[in-house]
2 protein chains.
Amino acid sequence: MASIKDVAAEAGVSVATVSRVLNSHPSVSPAARTRVVAAIESLGYRPNAVARSLRTDQTRTLGLVISDVLNPYFTALARSVEEAARALGYSVIIGNADERPELQDHHVRTLLDRRIDGLLVSPTDGGSPLMLDTARSSTPMVFVDRWIPGVDVPVVRADGREAIRDLVAHLHAVGHRRLAIIAGPAATTTGSERVEAFREALRGYGIPLPDSYIGQGDFQADSGRRATERFLALPQPPHVIFAADNLMALGALDAIRAHGLRVPDDIALAAFDDIPWFVHTDPPITAIAQPTGDLGRAAVQALVDRIEGRQPRSVTLPARLVVRRSCGESPTDQRSNT
Amino acid sequence: MASIKDVAAEAGVSVATVSRVLNSHPSVSPAARTRVVAAIESLGYRPNAVARSLRTDQTRTLGLVISDVLNPYFTALARSVEEAARALGYSVIIGNADERPELQDHHVRTLLDRRIDGLLVSPTDGGSPLMLDTARSSTPMVFVDRWIPGVDVPVVRADGREAIRDLVAHLHAVGHRRLAIIAGPAATTTGSERVEAFREALRGYGIPLPDSYIGQGDFQADSGRRATERFLALPQPPHVIFAADNLMALGALDAIRAHGLRVPDDIALAAFDDIPWFVHTDPPITAIAQPTGDLGRAAVQALVDRIEGRQPRSVTLPARLVVRRSCGESPTDQRSNT
DNA sequence: ATCCTCCGTGTAATCGATTCCACAAGGAGG
DNA sequence: CCTCCTTGTGGAATCGATTACACGGAGGAT
């Protein structure tokens, strides 16, 4: 592959002049510029980003470590992050942690080794030593979706509290009184917060949330299946299962179906995170939708602010309830289908 | 961030010795090695991958350009590619083309600028000049899923021909005679092949495939919606719609639902690409499943073979039909629900 | 005519690693 | 005791860019 020296030779100038042309530095004569441009063209030259990064100490690359690429919520987030980054002239390298802390650490380390300009993380756990070190280090960092309490890093996320209150109101209006939740890992903020918000909303109606109605999941379909099995084996099974993410809802649906039960007549189901398929499941599933596009944009903006020396603030955006048919209907509910 | 010089100073040796320790070169005395390891530890030193890449002319990074991250088929593929690559000590940078050729070119260019060691591509179109140049260039390349005819690059893909024949046999047995297809872009191999295989299978039963029964899609949900609208507006609408990917099936389902029709009683639906949600749609959808895990592994293996100087061959794996309820049932069909 | 500016350009240092080559020390063999 | 080889080590070149600095020439001011 042609290097800057080849271009210089071809154009009959020094490498400095070629570099000036590449970086559109003003002091290059029109004649020289023309010759350089022609040489670049004829050699099909492209600057070596590796060499450039070494010299300038910036890669124009952002790292994004997400918890699970197979989760449609995170792929939507990843897509919007990439889009926003591209608009600002940055590339994105995605690391998929598969909800495994050691894999998350692997990606963080690899990204740091590559000297990415900034790191966007949706932490899988409460914070490994590596993650805490990184947060304290000079590499700009921003948490997205999930965060680690006590770590001084801006957070961009959606607040589901309000939407969960709406959901509980809806469930109560329909007539449900025995409500269960499949939680995410307690080590993640989204894992614990959603349970807390749910419990609090229930309290508003004087409904308790017994331990037997809290299933421990890990945001994967299988755990949703297992938690649901356990609920169904209870002497008093719940009327409603609220899954803290879409994959666990899928698992719950699997289990419910395996038991030959119908939704919502035998048991109702709701999920955190809305995905296109929820419109077409049997029945369409009531869910809480997060503004993934806005989250991605805000996260990139915050990170680039840090990179460029500005001081970003945390951003919290509202999530909203989308009522479908999986929880039954009350006379007062007006239906919304999209 | 500490550099190799700092480590050398701390350990009281030269940078050469530190480098030897880093690369586990044999001729370093145990004493020196110990001191270097201690220095690395105490400084928290991590080698700069950018500098290393510049010198060694290898990045231990693979590029993967896929057509659409939001398509679960491609995210599954991306995940298995990353996994296989990691096992061989490579990182993967994913570029999402969103089915847009210019975006695909953007990613290819960026990846090439970063001097990735090899490129995995699922081309969005018939081959831009850049793509053709790249195929001819010295950068190792392998096509995955889709390919570009006439370009001398190994291809790793699934062959759906057999499964499509099985699908048509199933549809015929159920009693369907008016079969339509929503095709992908003709510029993609998967776009045209699936139509061809479908047409050929129909021919086996003496059933024609009129142009009005071929919807032009672009692998996105919206196009599935539009094609379905057109089918339903026909004087003789089809009995069955076969969508050439899962997103267009989603769009078709949207349109069918908007018309107040029921699947499979009013119209049957089948899709290429199986995804977990198809088990829970109303009704569960008959689909053709590709072995994404094997595809990803085989693609990485082929690419790494090329990188390391071996001569890989193309790989074609079989896809298989998964019958569910969206096409109705014949007495002779034995049902399979997973 | 002389001096000063400014402009365009080239030389060379630099980023952080790897690696060729030279060299010193020590042991083996004659 | 001298030579030769092995082993461990350091100096310095190198990868491909960017950029500080020096310099020569043109043009304007005096």
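Which helices of chains A and B each supply at least two residues of the surface near DNA strand C? Hold that thought while I set the scene. This is a predicted model, where local features need pLDDT of at least 70, side-chain atom pairs count only at pLDDT 80 or more, and totals for chains, interfaces and linings use all residues. Residues are numbered from 1 along each chain as written, chains are lettered from A and ligands numbered from 1 in written order, and side-chain values use heavy atoms, with hydrogens and water left out.

Okay, the answer: α2 (15-22) and α4 (49-56) of chain A, plus α1 (4-11), α2 (15-22) and α4 (49-56) of chain B. Helices here are DSSP runs (H or I, at least four residues), numbered from the N terminus, and strands are E runs of at least two. The top contributor is α4(B), with five residues.

In total, 27 residues surround strand C, and A:Arg20, B:Ile4, B:Ser19, B:Asn48 and B:Arg55 are the closest. "Near" means that a heavy atom of the residue lies within 4 Å of the strand.

Now some polar contacts, meaning pairs of N or O atoms within 3.5 Å. B:Ile4 puts a polar backbone atom 2.2 Å from a phosphate oxygen of strand C. With B:Ser19, a side-chain N or O atom sits 2.6 Å from a phosphate oxygen. Over on chain A, a polar side-chain atom of A:Ser29 is 2.6 Å from a phosphate oxygen too.

And the DNA's side of things? Of the strand C atoms within 4 Å of the protein, 56% belong to sugar or phosphate, and the rest to bases.

How values were computed: Polar contact = N/O pair within 3.5 Å; in protein donor to acceptor, adjacent residues only side chain to side chain.
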